[in-house]
Amino acid sequence: MREPFCTKPWTELSYNTNGVRPCCVWNGEQYQGNLSEYKSSKYIKRIKKSMIDHNMDFLNKSCFDCIDNEKQNLYSPRQSRQARHLELFEYWPSNICNLKCIMCSANNSNLIEEEEINLGLRQPVEKHITDISKFDFENVKILRVYGGEPTAGVHTFQQLKSVADRGYAKNITLAYTTNATSYNKIWTNIANQFAETDVGISVDGTGKVFEYIRQNAKWNKVEENIFKIINDATNYKFSIVLQTTSFILVDKWIDFFLQFPANNIGMYQLYDVPGRLTAIPNNIKQRLINKLENKNHVLANKIINILQNAEFDIEELQAYKDYVLMLDRRRGTNILELDPVFEELLK
Ligand code: SF4
Ligand code: SF4
């Protein structure tokens, strides 16, 4: 029998307040029924049949991201095939978060959502409340929890506790991403019941620039928590977003990250808002590269390479200017106070 087009409908499940889907890049409809009945639902049976039949009329839309990436010879999640039983459960409990990061949106932060509602930019909507308390986690090997901020929400605590209380946690790796602002006892008591913890620590720079990007966060507290998290976690990795606001000062904050193995530092493209590294003009970029060369370190060299590949784009710079100055007006912040380089960039 021919291999299915993709095995994710057998091996993964991605659950958020909009419903359930076979993976987090699925562009098709989401399942709206009871989570406990998902595995036997007509919805997933139809998708599995389409995968077995290679029904491209159906899959070209729902699996657009994978198909498109593969056309460009880029990685697609479809390429990682696993055994055909549910092993990975991806879970977005809610958009409850204690921060308003400048590159985030209302979908992921209730504080940004409230800000936009107060400004009349969006209407309040009634939310579906996620509930995994009756789901059968028997074969699940990894429970991956995203934000909002998992360590800052009572709802998330209750949901994960329900997995632990039913005895599943000892066989599951809990993978989660945290902003490291609120590493607390309630969270660690629950997280420590899982077989392993695999933690993504989202930080962008250090000190003042970190606090500007990750609004409401305090660097000193985050720095303290980072070491506690690393101490408790089975595996950890930093997630740094490649954005102009922080990388234009990379020479000033990179030293903090040089103390960790370079393999534990992940850098990810900025999506959804302007401010990619292509907004940095060549003269400023060259100054940064010169300073990074003096560090003589594998991570600094990796960043040099990334900067060299980010070809300056004046439209990106204009869009970035409009965006950060708009946020400053909205939030009463002032990016110009961070460093004189922003006068030079935004003049
Ligand atoms: S092909 Fe891609 S989008 Fe489709 S189910 Fe597989 S991983 Fe998801
Ligand atoms: S911590 Fe994460 S979810 Fe919260 S506002 Fe920042 S980017 Fe968004």
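Does Asn73 count as buried or exposed, and how many C-beta neighbours does it have inside 10 Å? In this predicted model, Asn73 has 6 such neighbours and therefore counts as exposed, since 12 or fewer is the range for that label. The residue sits in the loop that links helix H4 (64–71) to strand S3 (88–91). Its backbone also deserves a look: phi is positive, at about 60 degrees, although Asn73 is not a glycine.

A useful partner for this example is Ala180. Here, too, phi is positive in a residue other than glycine, with a value near 65 degrees. Ala180 likewise belongs to a loop, this one between strand S6 (173–178) and helix H7 (185–191). Its surroundings tell another story, however: 24 C-beta neighbours lie inside 10 Å, so Ala180 counts as buried, a label that begins at 20.

A third loop holds a special peptide bond. Between Gly147 and Gly148 the bond is cis, and omega is near -5 degrees. Gly148 can be found in the stretch between strand S5 (142–145) and helix H6 (154–165).

Several of these strands come together in a sheet. The sheet is open and has 8 strands, and reading across it gives the order S2-S1-S3-S5-S6-S7-S9-S10, with mixed pairing. Strand S2 (19–21) and strand S10 (265–269) form the edges; each has a single partner strand, which means that one side of each is left without a neighbour in the sheet. From one strand to the next, the twist averages 20 degrees. At the S10 edge, the partner is S9 (residues 235–242): the two strands run parallel and are joined by 5 bridges. Within S9 and S10, a pair to look for is Phe238 and Ile265, which stand opposite each other.

Two ligands complete the picture. Ligand 1 has 13 residues around it, and those that come nearest are Cys6, Cys23, Cys63, Cys66 and Arg78. The shell of ligand 1 is made up of 8 nonpolar, 2 polar and 3 charged residues. Ligand 2 is also surrounded by 13 residues, with Cys97, Cys101, Cys104, Ser109 and Asn179 coming nearest. For ligand 2, the shell divides into 4 nonpolar, 6 polar and 3 charged residues.

How values were computed:
Residues numbered from 1 in each chain as written. Chains lettered and ligands numbered in written order. Predicted model: local features only at pLDDT ≥ 70, side-chain atom pairs only at ≥ 80, totals over all residues. Pairing = 2+ DSSP bridges. Helix = DSSP H or I, 4+ residues; strand = E, 2+ residues; numbered from the N terminus. Axes fitted to C-alpha atoms, helices over the stretch in contact; angles between N-to-C directions. Near = placed C-beta within 6 Å. Nonpolar A, V, L, I, M, F, W, Y, C, P; charged D, E, K, R; others polar.
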